[in-house]
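I am opening a notebook on a structure that is new to me, and I will write down what I look up, entry by entry.

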Amino acid sequence: MNIEHPRQQESTDDGHGARKKYVTISVDDGHSTDLRTVDLLQQYGLKATFYIPGANAERPVMKPSEVREIDRLFEVGSHTLHHLRLTWISEEEARREVCDGKKASEDMLGHEVVSFCYPGGKFNRRAAAQVAEAGFLGARTCRYFQNDFPANPFSWDISTYANTYPAYVQLRHCLLEYNFAGAYNYITTFKARVPWASQFICALEAVSRDGGIAHLYFHSWEIDQNGEWAELEALFKIIAQYSLTPVTNGYLFRRWHEKRGSVNSLPQV
Ligand SMILES: [Zn+2]
């Protein structure tokens, strides 16, 4: 895996107690429109993790040669073997989805895969334990409006999902996921903004000021379907103007463990 050293000098946490300031992007599902996202990320010097399932009955997954091309430039994470919601299937089936998905990705790429993302954002204690037992370093959720390192790396939340919903839908989603801090942050830090790009600018502002992680998540297929490539590029341009360190999700998972001394020798991600 040809990643990941932040291209900028890390700007804080230099022994004076200030918090580091990161920006990371995750892109789910491995649709071929991800290749357009790759071009944009490169254009603006940003980093990302692409969570790609082995197969997906909901929409096509790109060819292995294309996944390997993305892996050469960015990080590829696991999104299970068949993109099944882990909380909707049996314990044994869920374990196979997690473990066999990891092995399939590693066989395809020829190196270890350390980052995981729950299909549909569906997870519970059992799923998180299975992901940890499989040897992943962390797992991303679909809980929004969070800009901090989490207490648990297997429930790693994000700042903004690039899809526009009314404010009441955002709040309802937070409450359904028991994401009470996210609901509070949506009203305060994110100013109850509705357009997703505008929301993420709130995350950039907050992290610039207080430190933490501004984490944007989207599906390229959805950006394409909604005709929002211009909005995505405009946001990438804005992100690049902030003095945040662009990193992959895997870099942050690794940092989480390093800070706690829970892993001695980790792969470079
Ligand atoms: Zn997905």
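Entry 1, the metal site. In this predicted model I looked up the donors of the zinc ion and found that they follow the spacing D-x49-H-x3-H along the chain. The atoms that coordinate the zinc ion come from Asp29 (OD), His79 (NE2) and His83 (NE2), at 2.1 to 2.2 Å. I then placed two of them: aspartate 29 sits in the loop between strand 1 (21-28) and helix 1 (34-43), and histidine 79 in the loop between strand 3 (75-78) and helix 3 (91-109), so this pair ties together parts that are 50 residues apart in sequence. When I checked their accessibility, aspartate 29 and histidine 79 both came out as buried.

Entry 2, threonine 49. I located this residue in strand 2 (residues 49-52), and I noted it as buried because its relative accessibility is 0%. Its side chain makes a polar contact with the side chain of glutamate 75, at 2.5 Å. Setting aside residues up to four places away in sequence, I listed what threonine 49 touches, including Ile25, Val27, Ser115 and Thr248.

Entry 3, the nonpolar cores. I found that the largest nonpolar core has 59 residues, and that Ile25, Phe50 and Tyr118 are among those with the most contacts inside it. Helix 7 (residues 196-210) gives this core its largest share, six residues. A second, separate core has 12 residues, including Tyr51, Cys117, Trp156 and Leu252. Returning to isoleucine 25, I left aside its neighbours within four places in sequence and recorded contacts that include Leu41, Thr49, Phe218, Phe236 and Ile239.

Technical notes
Residues are numbered from 1 along each chain as its sequence is written. This is a predicted model: local features need pLDDT of at least 70, side-chain atom pairs count only at pLDDT 80 or more; totals for chains, interfaces and linings use all residues. Side-chain values use heavy atoms; hydrogens and water are left out. Helices (H or I, at least four residues) and strands (E, at least two) are DSSP runs, numbered from the N terminus. Buried means under 20% relative accessible area, exposed over 50%, partly exposed in between (1.4 Å probe, protein chains only). A polar contact is a pair of N or O atoms within 3.5 Å; within protein, one must be able to donate a hydrogen and the other to accept it, and residues adjacent in sequence count only if both atoms are side-chain atoms. Contact means heavy atoms within 4.5 Å. A nonpolar core is a set of buried Ala, Val, Leu, Ile, Met, Phe, Trp, Tyr and Cys residues joined through side-chain atoms within 4.5 Å. Donors are N, O and S atoms within 2.8 Å of the metal (3.2 Å for Na, K and Ca); water is not among the atoms, so sites may look incomplete.
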